[in-house]
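Visitor: I am new to this structure. Please take one part of it and go through that part closely, beginning with what surrounds the ligand.

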Amino acid sequence: MVSYSAKTQVLRVNAAYPEPNLIKQAAAVIRRGGLVAFPTETVYGLGANALDSEALNRIYLAKRRPASDPIIAHIHDARQMDELAIDVPTIAYRLAKFFWPGPLTLVLKRAPHVPANIATGLPSVAMRMPSHPVARELIIAAGVPIAAPSANTFTRPSATTAEHVLEDLDGRVDLVLDGGATSIGLESTVIDLTGDIPVVLRPGGVLIEHLRPIVPEIMLSPKYLATSGEDAPSVSPGQLIKHYSPNAPVMLYTGEVNAVIAQMQKTAESYKAQGKRVGVLAADEDYRYFSGIADVKLLGMRDDLQTISHSLFAAMRMLDGLHVDVILVRDFGRQGIGAALWDRLHRSAEGKIIEVR
Ligand code: TXA
Ligand code: MG
């Protein structure tokens, strides 16, 4: 596949009070059709002018992403919904009022002047108003909405630091604004508002529990409902695209926590006996069960799903750096941000779950 190549420049920027001259420089790159990676409160984005179809193509080329995955347009003012979309439903303004700026993406009907390749030809366009000062200032200075997928190459874990952006995209992005680590660490919640009933397409930074009071009728896309047992949807695991994946295969365990840990220990021991290098993504309290048999990356305390979520992608990348042969991880719970965490784990395991009884 052809790729986009560029001499990548990195600018260190103040995350809270971005330097206007640096933002101006980055905005100029966007306006001339180039690619700028920038921090948002969720993950780093790989940005281009959302109204320039050639610039949009460069995103797909740089990411080595098939042009089958639509891209989010980042805006700085809710009124831009009416510029980029048509027939905007009332609920969109309500959601915007409650959750923007923030980690919520709304899928609306695309206005005719918005290039079709932002949404791979779909009649829709996704929009989000990020709260990160660097993202906000960049969008304002560019004077155009900025299309940005997560700044990782296709299927890899999203980048939560500028170093991770460079790992994947050095030589394929014009400029990286380095604003340090992102705060949430998982991507935005995506809601489809083009149908009769709002549907969550991807759980993320805005919690379902917080959406429900405002949109009681909201539904979860069948993909994200129970994935095993009686409630299993018809979507088979194999259909889940590999995504958010480290290089090593991920083995995801669910069940009663002590039984799960015992099973993971047994598996780690047996891989080790075969001469394989095992990585474990673990809660802090679980360290002692795996030290000595695996390379353990600690994510945070068991009950602190926010911190575990924040650490996940970086920890996956660290295990990749150690060239482990396999990565073991368990279900940390699915309440609150746990829904998004579970989704990312589930996909990194390519939809395969090991149930421990
Ligand atoms: O937090 C985030 O959302 C980050 C930051 C950079 O904003 N962006 C991000 O983009 O995660 P990406 O491209 O990695 O994921 C965008 C998600 C995908 O699941 C995509 O399918 C969905 O949004 N999406 C985008 N446009 C869509 C559309 N028109 N219809 C349905 N889904 C859409
Ligand atoms: Mg992505």
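Guide: This is a predicted model. Start with a polar contact: an oxygen atom of ligand 1 lies 2.9 Å from an N or O atom in the side chain of Ser 150. The side chain of Ser 188 has an N or O atom 2.5 Å from an oxygen atom of ligand 1, and for the side chain of His 74 the corresponding distance to a ligand oxygen is 2.7 Å. On its own, ligand 1 has 680 Å² of accessible area, and the protein covers 90% of that.

There are 24 residues around ligand 1, and those that come nearest are Thr 42, His 74, Ser 150, Ser 188 and Arg 202. By type, the shell consists of 13 nonpolar, 6 polar and 5 charged residues. Two or more shell residues come from each of strand S3 (44-49), strand S4 (72-74), strand S7 (124-128) and strand S11 (199-202). S7 gives the most, with 4 residues.

S7 is therefore the strand to follow further. It is largely enclosed by the rest of the structure, because 5 of its 5 residues are buried, that is, under 20% relative accessible area. Ser 124, Ala 126 and Arg 128 are buried on one side of S7, and Val 125 and Met 127 are buried on the other.

Next come the pairings of S7. S4 runs parallel to S7 and is joined to it by 3 bridges; here Ala 73 stands opposite Met 127. Strand S6 (residues 104-110) pairs with S7 in the antiparallel sense, over 5 bridges. In that pairing, Thr 105 stands opposite Arg 128.

Terms used: Residues are numbered from 1 along each chain as its sequence is written. Chains are lettered from A and ligands numbered from 1 in the order in which they are written. This is a predicted model: local features need pLDDT of at least 70, side-chain atom pairs count only at pLDDT 80 or more; totals for chains, interfaces and linings use all residues. Side-chain values use heavy atoms; hydrogens and water are left out. A residue is near a molecule or strand if one of its heavy atoms lies within 4 Å of it. A polar contact is a pair of N or O atoms within 3.5 Å; within protein, one must be able to donate a hydrogen and the other to accept it, and residues adjacent in sequence count only if both atoms are side-chain atoms. Accessible areas come from the Shrake-Rupley method with a 1.4 Å probe; for residues, only the protein chains shown count as cover. Ala, Val, Leu, Ile, Met, Phe, Trp, Tyr, Cys and Pro count as nonpolar, Asp, Glu, Lys and Arg as charged, and the others, Gly among them, as polar. Buried means under 20% relative accessible area, exposed over 50%, partly exposed in between (1.4 Å probe, protein chains only). Two strands pair if DSSP finds at least two bridges between them.
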